[in-house]
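Got your viewer open? Here is a short tour, stop by stop, with something to select at each one.

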Amino acid sequence: MNQFKNFKLPGGLILIVLFLLFFGKSMVYTIGVGEVGIIQQFGKYSRQTLPGLHFKLPIGVEKLTKVNVDIIRKEEFGYMQAQFTGRGGSPSDDVSLMLTGDLNVGLVPWLVQYRIDDPVKYLFEVESPENLLRDMSEASMRQVVGDRTINEVIIKRDEIAMAAKELLQEELKDAKTGIVVSTIEMQKTNVPGPVQPSFNEVNKAQQEKETMIYKAREGYNTAIPTAHGEAERTVLAAEGYALDRINRAKGDANRFLALFEEYDKAKDVTTRRIYLEKMGEILPKLGRKYIVDENQKNMLPLLNMGPGKEAISK
């Protein structure tokens, strides 16, 4: 023990040991699950490493940057960040105040969830990818909202969120940000407080308009089929009447032709038969009948003209 107490390491050796410990620690690193290690050699991108234990050149030669590619990140728009809770509660007018396609103003807050898909592009292609994401997200949302009416913005939030997501993802891809948008969630959309009463009046008028249109369509759907049915019934009745008249005319014509054929065979007999048949139809309808012989030369004899009597003089 006394010998060890008097033993002293040379100062140069101590410096060498400290140097090796310092640089040796910077040469060994571990990448966790869901992370990607990006190695820069003298500031230039060199390679990327997967989860596990790895070695690199000491600090000053190669630099390590760890990027988590599994975690879902978020950016809120149109909400004031709460000081303690981390999430907002009241809308921020400077971001959420938007002009719709029908020239109305609405408060449109939303939330963007995203993850890093390409860490190389995320680190080296864009100077500030988060700020670019916020600017592009706001521009995309304003473009989508500007193509729709205020009622569509309030009611069709899912449709607007999907359209904004597709537009934002296309812009991020063109900018080579290495970011993939997971979802866009639309929060409750409303109109600014000062115009809320007027907006309610407009909605009430729109509802009354829709009610009147519905009633008018209901009356239309009731009256028009009835009119169509009546028209079809009248047309069918007319067609039936026309067919009956045509058939009767054809029958009369055929009967006349048959009678003419018989008349042509025996004109005198046919004429006399027709005369007798017709007189047989007419005379019973005349009531009292007086038949006078046209060849009579004498004075017309007195006849009893009382009611209910018939006289025949030849």
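Which residues have the most contacts inside the largest nonpolar core? Select Trp110, Met141, Leu168 and Ile184: those are the ones, in a core of 29 residues. Keep in mind as you go that this is a predicted model.

**The core and who builds it**

Now color the elements that put two or more residues into this core: β2 (35–41), β9 (110–116), α5 (129–146), α7 (157–174) and β10. The top contributor is α7, with six residues.

Zoom in on Leu168 and show what surrounds it. Setting aside residues up to four places away in sequence, Leu168 touches Val112, Leu133, Met136, Ser137, Ser140, Val181 and Ile184.

**Along α7**

Stay with α7 and check its length. Its 18 residues should span 26 Å at 1.5 Å a residue, and the C-alpha atoms at its ends are indeed 26 Å apart, so the two agree.

Next, select Ile160, Ala161, Ala164, Leu167, Leu168 and Leu172, the buried residues of α7. They sit on the same side of the helix, because the arc they cover around the axis is only 140°. What do they pack against? Turn on β9, α5, α6 and β10, and you have the partners.

Spin to the other side of α7 and pick out Asp158, Glu166, Lys173 and Asp174, which are exposed there.

Then step off the end of the helix to Lys176, in the loop between α7 and β10. Lys176 has a positive phi of about 55°, although it is not a glycine. Most residues other than glycine have a negative phi. Is Lys176 buried, partly exposed or exposed? Its relative accessible area is 44%, so Lys176 counts as partly exposed.

There's another positive phi to visit: jump to Leu103, in the loop between β7 (97–99) and β8 (105–107). Leu103 isn't a glycine either, and its phi is about 65°. This leucine is exposed, with a relative accessible area of 68%.

**Salt bridges**

How many salt bridges does the structure hold? There are 10, and three of them make good stops, including Glu138 with Arg142. Side chains of opposite charge can pair when their charged atoms come close.

Start with Glu138 and Arg142, whose closest N and O atoms are 3.2 Å apart. Both are in helix α5, and because they are four residues apart, about one helical turn separates them. Residues three or four places apart in an α-helix point the same way, since there are 3.6 residues a turn. Glu138 is partly exposed at 22% relative accessibility, and Arg142 is partly exposed at 29%.

Next, select Arg148 and Glu159, whose side chains meet in a salt bridge at 3.7 Å, N to O. Arg148 is in the loop between α5 and α6 (150–155) while Glu159 is in helix α7, so this pair ties together parts that are 11 residues apart in sequence. Why does Arg148 count as buried? Its relative accessible area is 18%, and the cut-off for buried is under 20%. Glu159, by contrast, is partly exposed at 41%.

For the third pair, go to helix α9 (residues 267–282), where Glu281 and Lys278 are three residues apart, about one turn of the helix. Their side chains form a salt bridge at 3.4 Å, N to O. Glu281 is partly exposed at 47% relative accessibility, and Lys278 is partly exposed at 44%.

**A buried threonine in a loop**

Select Thr189, in the loop between β10 (179–186) and α8 (196–265). At 5% relative accessibility, Thr189 counts as buried. What is it in contact with, leaving aside neighbours within four places in sequence? Show Leu107, Val108, Val153, Ile154 and Arg157 around Thr189 and you'll see.

**Zoom out**

Finally, bring back the whole chain, with its nine helices and 10 strands. Of its 314 residues, 22% are buried. Turn on the surface: the chain exposes about 23,000 Å², and carbon and sulfur atoms supply 59% of that. As for contacts between residues at least 6 apart in sequence, 59% join residues at least 24 apart.

How values were computed: Residues numbered from 1 in each chain as written. Predicted model: local features only at pLDDT ≥ 70, side-chain atom pairs only at ≥ 80, totals over all residues. Heavy atoms only, no water. Buried < 20%, exposed > 50% of the residue type's maximum accessible area, 1.4 Å probe, protein only. Contact = heavy atoms within 4.5 Å. Core = buried A, V, L, I, M, F, W, Y, C linked by side-chain atoms within 4.5 Å. Salt bridge = Lys/Arg side-chain N within 4 Å of Asp/Glu carboxyl O. Expected span 1.5 Å × (residues − 1). Arc of directions from axis to C-beta. Areas by Shrake-Rupley, 256 points an atom, 1.4 Å probe, with all protein chains shown as cover.
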